[in-house]
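Colleague: Hi! Could you walk me through this one? I'm new to reading structures, so plain words please.

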Amino acid sequence: MDSTSWTLQQKLVLALGALAFMMDGCANQILGVAIPAILAEWQISKAAMAPVAAIGLAGITFGAICGGLIADRIGRRWTLIMALLLFGISTMGAVLAPDPFTLAIVRFFDGLGLGAAIPSGAAMLTETSPPRRRAIAIAIGMAFIPFGGFLAGVLGGLMLPVFGWRSLFLLVGAAAIVTSLLFVLCMPESPFFLALRPERERELNKVMRRLKGPIASSSRFFDVAPTHERRKFSALFAGRLRLETISVWLGFFFCLLATYSLFSWLPTLLHGRGFGVASTSFIMGSFNGGATFGGLLSGLLIQRHGVRLPLMAMTAIASGIALLLCALPLDPAFPAPILLIFTLLGLLLAGVHNGFYTLSALIYPSELRATGIGAAAAFGRVGAIASSFTSVIAMNFEGGAAYFGLIALALIAAVWSVKMVKLPAGAPLLAR
């Protein structure tokens with residue numbers, strides 16, 4: 001696996017993983033696209049939808065934790081298939097919701113599937129790619145999450161005015177179910193997972209021949225068994241790591257507070273400013289379209305200039321754009337500049353998010369790295385959940401100025417958190 005070329009079959013696995021991430025991003029974003037239409041049909045206030053968005057994000061948080069544990073027990077393939085099936089069925093189930101309470105329950109189960117798909121999909125891409133290609137594989141796969149959000153915006157613009165919001169949930173849910181069935185037929189299990197289970201040696205041989213081509217029948221495959229060192233969660237706060245852990249946690253929190261404030265509530269704000277359903281959906285599509293390229297751009301900048309400078313620069317520019325939006329009138333008569341602004345903002349926020357993942361990977365020693373990254377990402381979801389309430393309060397208080405001001409303040413706090421991180425003396429050049 002490590003010493004041979006990146007074969008066509010391995011690239012096909014990457015394509016399947018990217019498809020899963022695209023479906024995840026699309027299903028995650030359709031609620032934000034559909035909220036204005038739901039408010040109009042049910043004759044409810046924006047505040048009534050805040051718990052729906054928050055509970056969905058809580059489901060994603062629990063799903064991410066549980067998905068990683070399940071993938072290590074039963075395998076990446078079946079965890080990914082079950083995650084796709086769960087959020088596909090739940091997304092379709094939203095069609096039957098008669099009120100916000102029922103929709104919130106459905107979105108929680110939707111979130112469980114959405115969250116579980118990320119760790120199992122990332123593990124699959126990592127373990128079916130050569131080492132020198134793994135970073136590229138993960139970057140390409142993750143880029144399809146915002147692309148799925150872009151697709152949700154485009155579909156919303158086309159379908160909401162004609163067929164209503166239920167048609168959007170029905171189509172995306174059905175597509176996720178079809179994708180899960182495709183994975184049953186086409187997605188192999190991770191060879192690294194199989195190598196740790198001697199009873200599945202025959203399946204491992206079959207998978208390796210599929211991924212790498214003709215292999216001698218006498219070949220035997222193995223992986224190094226994981227060590228059983230004690231890795232205490234409290235070690236994240238021991239010695240020098242205490243400040244780094246707190247700083248990265250806060251960075252993730254404020255980054256996702258800003259990002260999800262836009263994901264979930266920007267369509268509602270635009271609708272209140274006179275934007276039609278179609279134009280609102282296309283603006284959200286442009287935001288997610290920019291995010292599709294933001295993660296890739298962030299990776300290139302970090303590779304060239306280290307993590308600290310690009311991360312601080314992207315966060316500072318994004319906060320400046322948010323401050324500009326506090327004073328800028330959002331006029332439906334001039335959609336082109338607005339499309340450009342939100343495309344750039346989506347690009348920057350996606351780059352910041354990827355940058356925090358890179359930063360957290362650099363500050364922790366290898367024996368704590370997975371624990372540190374997972375804990376930071378989970379704390380970031382708390383910021384995403386909080387955005388469901390802070391955004392509504394800001395919009396009710398001073399409208400667009402307070403809403404974009406909240407996003408700007410969150411990003412300024414994220415810049416401060418990066419500045420507070422003290423990278424270890426032996427950190428690689430990438431950490432500059």
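Colleague: How much of the chain is made up of buried residues?

Modeller: Buried residues make up 52% of the 432 residues in the chain. Keep in mind that this is a predicted model.

Colleague: Okay, and how many helices and strands are there?

Modeller: The secondary structure comes to 14 helices and zero strands. If you read along the sequence, the pattern is α-α-α-α-α-α-α-α-α-α-α-α-α-α.

Colleague: Let's talk about how helices pack. How do people describe that in general?

Modeller: Two packed helices are described by the angle between their axes and the distance between the axes.

Colleague: Nice. What are those values for α3 and α4?

Modeller: Helix α3 packs with helix α4, which covers residues 100-127, at an angle of about 150°. Their axes are 8 Å apart.

Colleague: Parallel or antiparallel, then?

Modeller: Roughly antiparallel. Angles over 145 degrees count that way, and the angle here is about 150°, so α3 and α4 get that label.

Colleague: And is the crossing left-handed or right-handed?

Modeller: α3 passes α4 in a left-handed crossing.

Colleague: What about α9 and α14, how do they pack?

Modeller: Helix α9 (residues 241-272) and helix α14 (residues 400-420) pack at an angle of about 160°, and their axes are 8 Å apart. That angle makes α9 and α14 roughly antiparallel to each other. The crossing of α9 and α14 is left-handed.

Colleague: Can you pick out a residue for me to click on in α14?

Modeller: Try A413, which has its place in helix α14.

Colleague: Buried or exposed?

Modeller: A413 counts as buried, because its relative accessibility is 19% and buried means under 20%. While you're there, find S319 too: A413 and S319 are 94 residues apart in sequence, and 9.6 Å apart in space, C-alpha to C-alpha.

Colleague: Changing topic: charges! Why would two side chains pair up?

Modeller: Side chains of opposite charge can pair when their charged atoms come close.

Colleague: How many salt bridges does this structure hold?

Modeller: Three salt bridges. One of them joins E41 and R166, with the closest N and O atoms 2.7 Å apart.

Colleague: Where do those two sit in the chain?

Modeller: E41 is in helix α1 (residues 8-42) and R166 is in helix α6. They are 125 residues apart, so the pair links distant parts of the chain. E41 is partly exposed at 41% relative accessible area, and R166 is partly exposed too, at 27%.

Colleague: And which residue does R107 pair with?

Modeller: R107 forms a salt bridge with D110, and the closest N and O atoms are 3.0 Å apart. Both residues lie in helix α4, three residues apart, which is about one turn of the helix.

Colleague: Are R107 and D110 buried or exposed?

Modeller: Both R107 and D110 are buried.

Colleague: What about E203, which partner does it have?

Modeller: The E203 side chain meets R200 in a salt bridge, at 2.9 Å from N to O. E203 is partly exposed, with a relative accessible area of 31%, and R200 is partly exposed as well, with 23%.

Colleague: Now the surface. Which residues make the nonpolar patch?

Modeller: I70, I74, W78, M82, V184 and L185 make a nonpolar surface patch of about 550 Å².

Colleague: Which helices supply those?

Modeller: α2 (46-74), α3 (76-93) and α6 (165-186) each supply at least two residues of the nonpolar patch. Take M82 as an example: it is placed in helix α3 and is partly exposed, at 41% relative accessible area.

Colleague: Any loops I should visit?

Modeller: Try Q43, in the loop between α1 and α2. Its phi is near 55°, a positive value in a residue other than glycine.

Colleague: What sign does phi mostly have in such residues?

Modeller: Most residues other than glycine have a negative phi. As for its surroundings, Q43 is exposed, with a relative accessible area of 68%.

Colleague: One last stop: where is D331?

Modeller: D331 is in the loop between α11 (308-327) and α12 (335-363), and at 32% relative accessibility it counts as partly exposed. D331 and R273 are 58 residues apart in sequence, and 7.4 Å apart in space, C-alpha to C-alpha.

Colleague: Great, thanks for the tour!

Key. Residues numbered from 1 in each chain as written. Predicted model: local features only at pLDDT ≥ 70, side-chain atom pairs only at ≥ 80, totals over all residues. Heavy atoms only, no water. Patch = residues over 30% accessible without salt bridge, like charges linked within 9 Å, V, L, I, M, F, W, Y side chains within 5 Å. Areas by Shrake-Rupley, 256 points an atom, 1.4 Å probe, with all protein chains shown as cover. Salt bridge = Lys/Arg side-chain N within 4 Å of Asp/Glu carboxyl O. Helix = DSSP H or I, 4+ residues; strand = E, 2+ residues; numbered from the N terminus. Buried < 20%, exposed > 50% of the residue type's maximum accessible area, 1.4 Å probe, protein only. Axes fitted to C-alpha atoms, helices over the stretch in contact; angles between N-to-C directions. Parallel < 35°, antiparallel > 145°, perpendicular 65-115°, else oblique. Left-handed = near helix turned anticlockwise from the far one by under 90°.
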